[in-house]
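Biologist: Please take a close look at one part of this model for me: the ligand site. Add what you can about enclosed space in the protein.

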Amino acid sequence: MNLKDIKKPSDIKQLNHKELKALALEIRSFLIETITKTGGHLSSNLGTVELILAMHYVFNSPEDVFIFDVGHQAYTHKILTGRLDQFDTLRQTKGLSGYMNYQESEHDQWESGHAGTALSALLGTLYAKHLKHEKGEVVAVIGDASITNGMAFEALNLLGSDPKTKGIIILNDNEMSISKSVGSISKALTKFRSMKVVMKWKRIWANILPAFILRFLSRVKRGIRGFLQRQNIFEDLGYMYVGPIDGHDLISLIHHLKRIQKVKKSVVLHIITEKGKGHVEAENDKVGTFHGVSKPSNGIKQGISWSELISLNMQKIQEHLKTFVIMPAMEIGAQFSEFAKKYADRYLDVGIAEEHAATMAAALAHHGVPVFLPLYSTFSQRAFDQILNDICRSNHHVVIGIDRSGIVGEDGSTHQGLFDVSMFYVMPNIVITMPYDAKEASNLLYYGFMKQKNPFVIRYPRGTVLFDKALDLITFEEIEPTWSKLKTGPGIQMISYGPSLDLLIKVDLEMKLSASIINARFIKPIDEAMLHEIMKTGQRIFVYEEGSDTGSLYPQILKFMAKHQYHNPISNMSITDQIVEHGHYKDMLKILEMDFDAVVKHLQKFI
Ligand SMILES: Cc1ncc(C[n+]2csc(CCOP(=O)(O)OP(=O)(O)O)c2C)c(N)n1
């Protein structure tokens, strides 16, 4: 059967094992070819081809519900559920999402993008099925890194204690998060993996050794398996544990899934897979470079990423202050590998554990350790309570780097960095900042560590920033906690923060506005002196923010105006109460009516 002929999952049901294996090969080549063109999660998807084929072969989606943790590893599921034709649009504007998507298919029954939700979703789906008297199994696929997440453990705790509810958990163990998995659970899983080595070992010697030695070896194997299973955390929690099995052995996967269908209690099927399977460089990648790959760019890349800039600054800061960095599983994305190597004793990857990371940072700060906590904007949402209660309530001096703030582009709705300003604004004591350029990033970071005593946020976007790292230009200058004027003019007073200011500069030039352009680099607290000065010009005020408008800077300015009885005409552009889908950054600005043309149009009406 040709890949192109598969329109629905049942189309693969009549295939024999040989044909299924051939199909797996075809899917793998297709994935490599497509992802290297469109960008996307290469390694994780190459690791799940046989698993997802076996799942669709054995179960009947959508009656049987599949839940994929994060949802980044399910491209084969998309292919088998009739979306092959759209793969050239993967992650592109208005194209196929890189994650599960309710709008795309009835077979996508759980969306998340954030790690660790699959087991809670499994329980919720099981209860819903029970309450609605619906038939069908519920199967959750979760990686060895995501299962260490606090949320996953909260659900594991419940499901295992519920003898009436049967859920199937497939633990996809590739020993990797984005980088190497960390922590004692990963070590415990290594113990289970050793059983697989015993099994393989038997296969190799089966043809060579006499039968009585093989029988003896079998007993040893059973003994080891029994010993290890006695110590098996999943069995202890009330699950039937099956495995570990080779997650690329399609026939074995089918066999075990069929067996599991007959079991009456909740099961953990532990499969061992290889991230990047079939792509030599991705297979050998132990740092995570191939976890997600970008679309090849045809332009010349100017500057470096904001993440790298912050990481270089953190290295430079060590000359002034010995800081500790807590990294929740994003070493590659946050570009901290060099820091981790140079300052191994001042760096800890805590795994996918944003909540833990924030509370741990609070405790370090409580004991006087200068601590840096880099979080992607979207994942910082996980740690709302810990940042509010453990860091801000007690006014602990933690410097929080908010990476990927603003529109993130291809990752889409689950990854947008649009809510952090609103989220942090409600937190007492916290200072929120965003640099306009590389120089200001250095100065703000330095200020955050050396001059601040409060919780301090420095946010930065996903794109690149002009900076020549070969020149090692990082120096720190004292900065006042005030706004600055990039340009003073008698016209409209335009306020923004971060690289969005460049858009306002362009608009001012194009429209010949003779505007003032104000860099609100301290988003909280606001610069009241500067605001009085601006209001007293009697001019119109325009505020532009690449983020949610609820609880952001604009409403603070309105509050200030109401308090001081200023009546300047004021208008704003930001993202109003909506979910922003995936697509190219520039396309998204256009769709949201936040791009250059939209600002010009808006101001033509306003002025
Ligand atoms: C709350 C949260 N933090 C961080 C991430 C970023 N992230 C996406 S996939 C991933 C690694 C997942 O590893 P694992 O669960 O083992 O799955 P694999 O990719 O290895 O199949 C991470 C850290 C996320 N999606 N959600």
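Modeller: A cavity here is a set of grid points where a 1.4 Å probe fits but cannot get out. By that definition, the whole structure holds 6 cavities of 30 Å³ or more. Keep in mind that this is a predicted model.

Start with the ligand. Its surroundings comprise 23 residues, and H72, A115, S146, M176 and E354 come nearest. Three of these residues make polar contacts. The side chain of S146 places an N or O atom 2.6 Å from an oxygen atom of the ligand. M176 uses its backbone: a polar atom there is 2.9 Å from a ligand oxygen. E354 faces a nitrogen atom of the ligand, with a polar side-chain atom at 2.6 Å. The protein buries 98% of the 580 Å² that the ligand exposes when taken alone.

Now the shell as a whole. It divides into 9 nonpolar, 10 polar and 4 charged residues. Both domains contribute: domain 1 (3–284) and domain 2 (304–471) each supply at least three residues.

E354 also leads to the enclosed space. This ligand neighbour is one of the residues lining the largest cavity. That cavity has about 50 Å³ of space. Alongside E354, the lining consists of P328, M330, A334, P374, L375, Y376, F379 and D403. Strand β9 (residues 371–376) gives the largest share, 3 residues. By class, the lining has 7 nonpolar residues, no polar ones and 2 charged. So E354 appears in both places: it contacts a ligand nitrogen through its side chain, and it belongs to the cavity lining.

Methods
Residues numbered from 1 in each chain as written. Predicted model: local features only at pLDDT ≥ 70, side-chain atom pairs only at ≥ 80, totals over all residues. Heavy atoms only, no water. Near = heavy atom within 4 Å. Polar contact = N/O pair within 3.5 Å; in protein donor to acceptor, adjacent residues only side chain to side chain. Areas by Shrake-Rupley, 256 points an atom, 1.4 Å probe, with all protein chains shown as cover. Nonpolar A, V, L, I, M, F, W, Y, C, P; charged D, E, K, R; others polar. Domains from an automatic or database assignment. 1 Å grid on protein atoms, 1.4 Å probe; cavity = no way out; pocket = protein on both sides within 12 Å on 5 of 7 lines; lining within 4 Å. Points joined across faces, edges and corners; volume = space filled by probe spheres on them. Helix = DSSP H or I, 4+ residues; strand = E, 2+ residues; numbered from the N terminus.
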